[in-house]
Amino acid sequence: MDKLTVRDADVAGKRVFVRVDFNVPIADGKVQDDSRIRAAVPTIALLVQAGARVILASHLGRPNGKVVDSLRLRPVGQRLAELIRRNVPVTGDALGVGTEDALKRMRPGEIVLLENLRFHPEEEANDPGFAATLASYADVYVNDAFGTAHRAHASTVGIADQLPAFAGLLMERELTMLSKLLEAPERPFAAILGGAKVSDKIAVIDNLLTKVDLLVLGGGMANTFLLAKGKTIGKSLAEPDRVEDARRILATAEKNGVRVVLPVDVIVAKEVTRGTEYKTLLAEKIPASWHIVDLGKQSQELMLDALADVKTVFWNGPLGVFEIPSFAHGTNAVARMLADRADQGATVVVGGGDSVAAITRQGLASKMTHISTGGGASLEFLEGRVLPGVTVLLDREPAEQPKPAATKSTPKPAAKKAAASATKKATTTKTPAATKTPAATKAAAKTASRK
Ligand code: ADP
Ligand code: MG
């Protein structure tokens with residue numbers, strides 16, 4: 001990975017602000033799914049062991065800039081405390097004198113979790129003053145919140161301009177796994193895309209069409225492709241204004257030699273609810289009163305067959321209305337098959353909240369090579385876009401190249417310029433003297449040279 005990580009940072013005794021993604025489902029004051037909390041534990045444990053003072057910060061839900069009691073992070077702090085067997089006090093607010101005092105009193109190896117950042121509208125607005133206050137809490141910044149890396153907020157982007165900024169271990173793993181898909185996938189490489197809205201997935205399909213050998217489409221989004229192929233789909237979910245995109249994608253796939261597998265038979269239901277009447281039909285002419293809700297048996301066989309020898313797979317989006325058990329068969333069959341492929345050494349990466357929920361429900365999550373903690377972020381990354389929360393992290397120096405003797409002692413103009421602006425940066429930002437270790441100074445020079 002070309003970003004410096006928390007392993008490169010000098011953190012002993014330092015105050016380290018760690019942006020984590022603790023946006024987890026909570027009901028009755030209890031965390032319902034702690035996978036995102038578990039995913040952040042390696043970074044937290046590393047910092048605690050190194051004797052850092054660990055200031056954790058996250059958002060939870062959508063409080064829209066106001067205090068919402070049901071979106072307080074206390075249950076998250078409790079769950080984390082159980083997982084790491086340490087005290088994790090949660091501040092009453094991310095800002096304020098009480099919080100500043102609590103942070104000042106921290107000793108090496110201690111952890112504090114700031115209250116929900118999004119109780120302040122300044123977080124999502126990437127307000128410079130808010131970012132500066134967060135930065136004033138710490139000497140070093142670590143971003144381990146991959147799931148929020150596609151958002152330019154105060155705690156993901158603003159703060160990183162004011163402190164030496166490193167990737168956490170989860171962030172590192174996410175970027176490594178997802179980059180591997182785009183840069184060096186072992187072939188055959190397949191993308192399986194499903195879910196509700198085709199409009200969410202067009203950009204990612206466009207980019208993946210230049211990378212994959214096989215594209216498997218299912219779920220609600222495949223309906224728009226069926227329309228593009230001149231089929232009728234009854235009352236099924238579809239986006240008629242995206243039929244043109246679907247047509248273009250099919251044409252590009254053909255030109256690029258990418259095989260596209262669409263459903264050939266489907267489960268149709270009278271209503272998209274439990275206990276409704278349903279049956280299997282060919283995906284040709286669905287009568288007006290039916291909804292497509294799942295893959296039929298033939299589609300499942302066709303898809304499993306097409307995927308039989310893949311070496312790399314990216315999957316996003318359930319292949320049916322998996323929340324209703326009768327319509328989860330296609331999703332479940334593909335999940336079992338991918339768990340098997342992963343067992344046999346294929347690289348299987350799954351992203352997307354609902355897709356991951358479907359796999360977890362079957363107890364197959366641990367079988368996959370990588371389960372991305374970021375749905376939107378993983379899609380944006382695979383669209384080929386640069387994530388703002390990643391851009392701001394410090395770049396790793398390229399490995400030393402042996403230089404010709406003549407240039408050894410004269411610094412290149414570019415390097416000089418970088419050094420000059422690094423000095424300027426050092427005088428205009430509040431980087432505390434304590435962080436000016438050789439690594440941090442080098443890091444600061446790197447940041448400056450990137451701007
Ligand atoms: P992810 O969260 O994995 O990115 P999406 O949010 O894109 O996935 O899509 C998940 C939703 O798609 C689920 O709620 C599921 O019920 C819905 N879905 C899948 N297939 C269909 C279908 N045929 N008709 C309507 N909704 C569907
Ligand atoms: Mg979803």
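Helix 1 passes helix 2 in a right-handed crossing. The model behind this report is predicted.

**Helix packing**

Two packed helices are described by the angle between their axes and the distance between the axes. For helix 1 (residues 35-49) and helix 2 (residues 74-84), the angle is about 60 degrees and the axes lie 10 Å apart. Helix 1 is therefore oblique to helix 2. On the helix 1 side, the contact is made by Ile37, Arg38, Val41 and Ile44. Helix 2 contributes Val76, Arg79, Leu80, Leu83 and Ile84. By class, the residues of this contact are 7 nonpolar and 2 charged, with no polar ones. Arg38 of helix 1 and Arg79 of helix 2 are among the contact residues.

A second pair is helix 7 (169-183) and helix 14 (residues 375-382). Their axes are 10 Å apart, and the packing angle is about 35 degrees. Helix 7 also crosses helix 14 in a right-handed sense. Leu175, Leu178, Ser179, Leu181 and Leu182 are the helix 7 residues in this contact. They meet Ser378, Phe381 and Leu382 of helix 14. Here the split is 6 nonpolar and 2 polar, with no charged residues.

**Ligand 1**

What surrounds ligand 1? There are 18 residues around the ligand. Lys201, Gly320, Glu323, Asp354 and Ser355 come nearest. Three polar contacts of ligand 1 are set out below.

| Residue | Residue atom | Ligand 1 atom | Distance |
|---|---|---|---|
| Ala196 | backbone N or O | oxygen | 3.1 Å |
| Gly320 | polar backbone atom | nitrogen | 3.4 Å |
| Glu323 | polar side-chain atom | oxygen | 2.5 Å |

Glu323 thus reaches a ligand oxygen with its side chain. Ala196 uses a backbone atom, also toward a ligand oxygen. Gly320 pairs through its backbone with a ligand nitrogen.

**Backbone exceptions**

Most residues other than glycine have a negative phi, and most peptide bonds are trans. Two places in this model depart from that. Which peptide bond is cis? The bond from Arg187 to Pro188 is cis, with omega near 0 degrees. Pro188 sits in the loop between helix 7 and strand 8 (189-193).

The other place is Asn64. Its phi is near 55 degrees, a positive value in a residue other than glycine. Asn64 lies in the loop between strand 4 (53-57) and helix 2. Helix 2 is also the partner of helix 1 in the packing described above.

Terms used
Residues numbered from 1 in each chain as written. Chains lettered and ligands numbered in written order. Predicted model: local features only at pLDDT ≥ 70, side-chain atom pairs only at ≥ 80, totals over all residues. Heavy atoms only, no water. Axes fitted to C-alpha atoms, helices over the stretch in contact; angles between N-to-C directions. Helix = DSSP H or I, 4+ residues; strand = E, 2+ residues; numbered from the N terminus. Parallel < 35°, antiparallel > 145°, perpendicular 65-115°, else oblique. Left-handed = near helix turned anticlockwise from the far one by under 90°. Contact = heavy atoms within 4.5 Å. Nonpolar A, V, L, I, M, F, W, Y, C, P; charged D, E, K, R; others polar. Near = heavy atom within 4 Å. Polar contact = N/O pair within 3.5 Å; in protein donor to acceptor, adjacent residues only side chain to side chain.
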